[in-house]
Amino acid sequence: MKRLRMRLSARPSVTGLLFSALFLAASLSPSLLPRTELLQGALSGACLAAGYAMGVLLESVWIFLGLPRPRREMIALLRRGAAVVLLVVATATLPSWTGGQNALRALMGLDPLATGRLALVVLVAAVVAFGCVFLARALAAIRDSVAARLEPRVPARVAALVGLLAAGGFALAIGDGIVFRQLLRLADSSFRELDLRLEAAHPRPREPLSPGSPASLIAWESLGRRGREFVATTPAAEEIARSVGADAVRPVRVYVGLGSAATARERANLAVEELARIGGFDRSVLVVATPTGTGWMDPASSLALEYLHRGDVATVAVQYSYLTSWLSLLVEPEYGVESARALFAAVYARWRTMPRDTRPRLYLHGLSLGALGSEASTDLLDVIDDPFDGALWSGPPFRSAGWRRVVTDRNVGSPAWLPLYRNGAAIRFANQNGVVPSSAPWGRLRIVYLQYASDPVTFFEPSAAYRAPDWLAEPRGPDVSHDLRWLPFVTFLQLAFDMATATTTPTGFGHVYAPRDYLHGWAEVTGAALPADIDLDRIAAALARLDVSP
């Protein structure tokens, strides 16, 4: 306790204060998404702490190497000067933050922030920064205590190194093994309870050809909140017909929740049996979809495809998690792959037994973590003799191996946020402006990646801590601020905060994909199965009138 008290009362580091000033100023610059005062305060506090830690680390290395230090009187003078520099930097840069954020908000069609709330930024930043420094000094006290016990037996530098490793191991064990895991269990439990809650807005269906009905193989309660929502909001044939100006049928939607069966394989087999029961294999288009981490199916995508094909579509999905995608992505990105593989294998096995001239065209789809799982659900070499027809993967996370490989191998001169890949006969990219034109016609397999340049789930990079991402090069995406500059370490923190709020943007930005963009993506992917007299403008107008907010 004595060492802890000494650490907590220790005077601030000169180098730490100077680096804090630099990191604070950098944290106020724009990133991919707009930030509120509360979020900016949290980010600035984290950056202050990171800058201080950087300065302390450099100072510690200097001392460890035995290099000369200024006299005590000079250090005291420098400390006061560094504190003044931090205060001046904060005073000079904070007023400009509102202007930079409002420019980004205007780009996304948001109302400007109210002025005069900078005090909230300062307050939150101070609380976060002091909290981080407190924890760091507590760990330093542990380091010093271990080193002090070892110094009589080993050289001082060896003792210091062992103390540092001990403090780091303790922090990792506490942070990951206790705090983080407990919070993760709490989040999982909370999401599970929410998922099981029955809503009056979605009562159990009575139509025999509906999943969850009395005639269904799947219990309505077991579908989960997102599954019940997906099934209950299936558009009626009359609704689609009015919107597209042609005859239509009611789409088929099959969803199996985590509570519907014990294992991923059992849930996949149950989904296939239910799909066959209600005639899903008799439709012209069959989609094997992988939900997001919470089990959510984006209605913007489902409705765009169903309106495009006048309801002659069957979609089948299986839930694999309760957690939000960004949290699942950071914790266990492969979490949904087992489920996606089981579902594709089960559907593909049944689909392949059907006559080629009468079976539906088979497509894959996923958003966010669902895109990662869907992309990994099959190996093209395993189906090369009888491949599926295509895929639409939207908002692919930065950890999607296939997406990353394609972006890395893109044609020279094409931007990372909208690449050209070879001649475009098999893989193309799309954003708010539609699908990138290709120099070659589509081949047998059609794959489209739909991504916005402002989507941090897609464009977050751990390496942004030490090098500028490729997507920051000019020309930039239409939804990325030209004021965004790469800053070592700070850009990494900015993107991490952006990723946690990626679904709070207006539709058409960040990680919220618009129906019109799904429409054009699906039109490319399923073009071979489209009705000849399709009117995309009319469908886009109809979709724009629907409420598809997350």
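W393 and Y449 are both buried, and their rings make a good way into this predicted model. The centres of those two rings sit 5.6 Å apart with the planes at 45°, so the pair is tilted. Altogether the model has 13 aromatic pairs and 15 salt bridges. Here's a quick tour of some of them, plus a couple of charges parked over rings.

**Aromatic pairs**

- A pair of aromatic rings is described by the distance of the centres and the angle of the planes.
- W393 belongs to strand β5 (residues 390–394) and Y449 to strand β8 (residues 446–450), so their pairing ties together parts that are 56 residues apart in sequence.
- F460 and F492 make another pair, with ring centres 5.5 Å apart and planes at 45°, so this one is tilted.
- That pair also links distant parts of the chain: F460 is in the loop between α15 (456–459) and α16 (490–500), while F492 is in helix α16, 32 residues away.
- Is F460 buried or exposed? F460 has a relative accessible area of just 5%, under the 20% cut-off, so it counts as buried.
- F492, on the other hand, comes out at 27% relative accessibility, so it lands in the partly exposed class.
- There's also an aromatic cluster, made up of F344, Y348, W351 and F388.

**Charges over rings**

- W351, a member of that cluster, has R359 lying over its face, 3.7 Å from the ring centre.
- R428 does something along those lines with W442: its charged end sits over the ring, 3.9 Å from the centre.

**Salt bridge R310–D533**

- Side chains of opposite charge can pair when their charged atoms come close.
- R310 and D533 form a salt bridge, and their closest N and O atoms are 2.8 Å apart.
- R310 sits in the loop between α10 (299–308) and β3 (313–318), and D533 in the loop between α17 (515–525) and α18 (536–544), so this bridge ties together parts that are 223 residues apart in sequence.
- R310 has a relative accessible area of 16%, so it is buried.
- D533 has 53% relative accessibility, so it counts as exposed.

**Salt bridge D385–R352**

- D385 and R352 meet through their side chains in a salt bridge, at 2.3 Å from N to O.
- D385 lies in the loop between α13 (369–375) and β5, and R352 in helix α12 (residues 337–352), so the two tie together parts that are 33 residues apart in sequence.
- How exposed are the partners? D385 is partly exposed at 47% relative accessibility, and R352 is partly exposed too, with a relative accessible area of 37%.

**Salt bridge D389–R361**

- D389 pairs up with R361 in a salt bridge whose closest N and O atoms are 3.5 Å apart.
- Distant parts of the chain are linked here as well: D389 is in the loop between α13 and β5, R361 is in strand β4 (residues 361–367), and the two are 28 residues apart.
- D389 is buried, its relative accessible area being 7%, whereas R361 is partly exposed at 33%.

**A shared network**

- Which residues are joined into one network by salt bridges that share partners? R352, R356, R359, D385 and D386 are.
- R359 is thus a member of that network as well as the residue lying over the face of W351.

How values were computed. Residues numbered from 1 in each chain as written. Predicted model: local features only at pLDDT ≥ 70, side-chain atom pairs only at ≥ 80, totals over all residues. Heavy atoms only, no water. Phe/Tyr/Trp six-rings, centres within 6.5 Å; stacked < 30°, edge-to-face > 60°. Helix = DSSP H or I, 4+ residues; strand = E, 2+ residues; numbered from the N terminus. Buried < 20%, exposed > 50% of the residue type's maximum accessible area, 1.4 Å probe, protein only. Lys NZ or Arg CZ within 6 Å of the ring centre and 35° of its normal. Salt bridge = Lys/Arg side-chain N within 4 Å of Asp/Glu carboxyl O.
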